[in-house]
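Open the model in your viewer and keep a selection box at hand. We will go from stop to stop, choosing a few residues each time and looking at what surrounds them.

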Amino acid sequence: MSGGKIMLVGIGPGSHDHMTHRARAAIAESDVVVGYVTYIKLVADLLEGKEVIRKGMTEELDRAVNALERAREGKKVALISSGDAGVYGMAGPTYEVLFQAGWTPDSGVEVEVVPGASAINACAALVGAPLTHDFCSISLSDLLTPWPVIARRLDAVAAADFVVALYNPKSGRRTQQIVQAQHLFLRHRKPDTPVAVVKSAYRRRERIEFTTLAHMSECDIGMLTTVLIGNSNTFVRHGLMVTPRGYANKYELHGDGSTREGERPGRSLSTGLLGWMENLRADHAEGQSISALALRHKLPADYIEAVLTAPIVEVTPEAASTEESEA
Ligand SMILES: C[S@@+](CC[C@H](N)C(=O)[O-])C[C@H]1O[C@@H](n2cnc3c(N)ncnc32)[C@H](O)[C@@H]1O
């Protein structure tokens with residue numbers, strides 16, 4: 001048993017104010033701190049008396065190997081990542097190196113992942129509240145992921161109306177990925193969809209630019225930029241980008257008297273899945289075909305068929321009263 005430990009520490013976006021208490025404590029209790037040179041600079045004042053291993057940008061696996069070597073010597077090692085170590089950070093590569101080296105959770109080297117505020121959280125906070133509904137992130141870095149895979153994901157999330165954070169949007173060599181992303185998004189989203197371009201969030205050169213999907217690729221975008229693309233409901237008001245949570249429309253009819261997808265007049269939109277299933281069965285019983293329903297709801301016909309043939313689930317008044325809060 002070595003008694004060593006690897007702490008995969010997310011140091012947050014850059015400023016000490018946005019580093020967690022646990023991240024700071026993990027660095028304080030470590031004997032060795034390993035990280036990319038820029039991240040080491042961000043925590044320079046916390047490093048006194050520690051062995052510091054500075055690595056270049058492409059040396060991720062080396063950082064993990066060094067951390068394991070020192071931990072096997074019985075040392076406590078803080079392996080630092082910006083933002084969150086598990087979001088395009090060192091947590092994954094480190095576990096891969098550990099598994100390859102035959103490490104198991106009880107083989108003498110403890111591992112702790114210390115969460116941090118990722119760029120998506122930091123940038124969202126700076127521009128308002130763009131992530132209040134479903135969102136996802138996509139890295140435009142094609143160094144480790146083939147471009148067609150990235151392009152398919154961009155196309156899918158653009159069509160699915162997610163709010164999207166683009167990490168690694170551009171570098172000196174990778175200049176066309178953001179143009180391609182814009183092209184794919186414009187196939188599904190309006191040109192005036194709000195976009196926020198956030199550079200160096202919570203760092204010295206912080207810069208925020210509001211633009212639209214049509215002009216996104218013309219913005220000043222670099223290695224330390226995250227691009228936030230709104231969904232079809234996202235708006236900008238008083239310099240703040242906001243995606244509605246949905247409450248305002250919860251019981252609303254459209255102006256023309258029609259209802260929203262799959263709902264019937266007079267019915268609360270909060271009926272959700274069960275209400276939708278009930279309406280679907282009613283529409284089918286009234287003669288609407290499975291293919292017509294699939295087209296109307298933009299869902300696969302075999303899924304519609306599965307819903308129509310699923311057993312009916314009754315919600316008891318007691319179960320309904322225990323509905324959880326969504327805030
Ligand atoms: C290799 S990823 C690391 C992500 C990091 N682990 C996180 O959770 O934020 C690097 C990318 O994160 C984003 N990023 C990191 N720090 C940022 C900051 N302070 N402001 C804006 N974007 C940032 C940029 O998109 C950058 O290209």
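Colour the chain by secondary structure, and you have 11 helices and 13 strands to explore. Keep in mind that this is a predicted model. The chain has 327 residues, of which 33% count as buried. Among contacts with a separation of 6 or more, 67% join residues 24 or more positions apart.

**Stop 1: strand β1**

Select residues 5-10, which make up strand β1. Six of its six residues are buried, so the strand is largely enclosed by the rest of the structure. Turn the view to check both faces: Lys-5, Met-7 and Val-9 are buried on one side, and Ile-6, Leu-8 and Gly-10 are buried on the other.

Which strands pair with β1? Add residues 76-81 to bring up β4, which runs parallel to β1 and is joined to it by six bridges. Here Gly-10 has Ser-81 as its bridge partner. Then add residues 110-114 for β5, also parallel to β1, with five bridges between the two. In this pair, look for Leu-8 and its bridge partner Val-113.

**Stop 2: the largest nonpolar core**

Now show side chains for Cys-123, Val-195, Val-227, Leu-228 and Ile-229. Within the largest nonpolar core, which has 33 residues, these five touch the most other members. To see where the core comes from, select α5 (119-127), α6 (147-159), β8 (163-167), α7 (177-186), β9 (194-199) and β11 (225-229); each supplies at least two core residues. The largest share, six residues, comes from α5.

Centre on Ile-229 next. Leaving out residues up to four places away in sequence, Ile-229 touches Val-163, Val-164, Phe-185, Thr-193, Val-195 and Leu-213. Another core, of 32 residues, lies apart from the largest one; Ile-6, Val-77, Ile-80 and Val-109 are among its members. As a general point, nonpolar side chains in soluble globular proteins tend to be buried together.

**Stop 3: around the ligand**

Display the ligand and the 24 residues around it, of which Gly-83, Val-87, Ser-118, Ala-119 and Ala-201 come nearest. The elements that give two or more residues to this shell are α5 and β11, and the largest share, three residues, comes from α5. If you colour the shell by residue type, you will find 12 nonpolar residues, 10 polar and two charged.

Where does the ligand lie with respect to domain 1 and domain 2? Colour 5-117 as domain 1 and 120-242 as domain 2: both give residues to the shell, so the ligand lies between them.

While α5 is on screen, pick out Asn-121, which belongs to this helix. Asn-121 is partly exposed, with 19 other C-beta atoms within 10 Å. Draw a distance from Asn-121 to Pro-13: the two are 108 residues apart along the chain, yet their C-alpha atoms are separated by 8.8 Å.

**Stop 4: a three-stranded sheet**

Select β6, β13 and β12, which form an open sheet in the order β6-β13-β12, with mixed pairing. β6 (128-129) and β12 (235-237) are the edge strands, each with a single partner, so one side of each has no neighbour in the sheet. Strand β13 (residues 240-242) runs antiparallel to β12, with three bridges between them. Across this pair, Arg-237 stands opposite Leu-240.

Stay in β13 and click on Val-242. Val-242 counts as partly exposed because 18 C-beta neighbours lie inside 10 Å. Beyond its neighbours within four places in sequence, Val-242 contacts Gly-128, Ala-129, Pro-130, Thr-234, Phe-235 and Arg-237. For a longer reach along the chain, choose Leu-131: this residue and Val-242 are 111 residues apart in the chain, with 7.8 Å between their C-alpha atoms.

**Stop 5: two loop residues with positive phi**

Go to Asn-168, in the loop between β8 and α7. Its phi is near 45°, a positive value in a residue other than glycine. Asn-168 is buried, with 20 other C-beta atoms within 10 Å.

Finish at Lys-298, in the loop between α9 (290-297) and α10 (301-309). Lys-298 is not a glycine, but has a positive phi of about 55°. Is Lys-298 buried or exposed? Lys-298 counts as exposed, with 9 C-beta neighbours inside 10 Å.

Conventions
Residues are numbered from 1 along each chain as its sequence is written. This is a predicted model: local features need pLDDT of at least 70, side-chain atom pairs count only at pLDDT 80 or more; totals for chains, interfaces and linings use all residues. A nonpolar core is a set of buried Ala, Val, Leu, Ile, Met, Phe, Trp, Tyr and Cys residues joined through C-beta atoms within 7 Å. A residue is buried if 20 or more other C-beta atoms lie within 10 Å of its own, exposed if 12 or fewer, and partly exposed in between; C-beta atoms are placed from the backbone. Helices (H or I, at least four residues) and strands (E, at least two) are DSSP runs, numbered from the N terminus. Two residues are in contact if their C-beta atoms, placed from the backbone, lie within 7 Å. A residue is near a molecule or strand if its C-beta atom, placed from the backbone, lies within 6 Å of it. Ala, Val, Leu, Ile, Met, Phe, Trp, Tyr, Cys and Pro count as nonpolar, Asp, Glu, Lys and Arg as charged, and the others, Gly among them, as polar. Domain bounds come from an automatic or database domain assignment. Two strands pair if DSSP finds at least two bridges between them.
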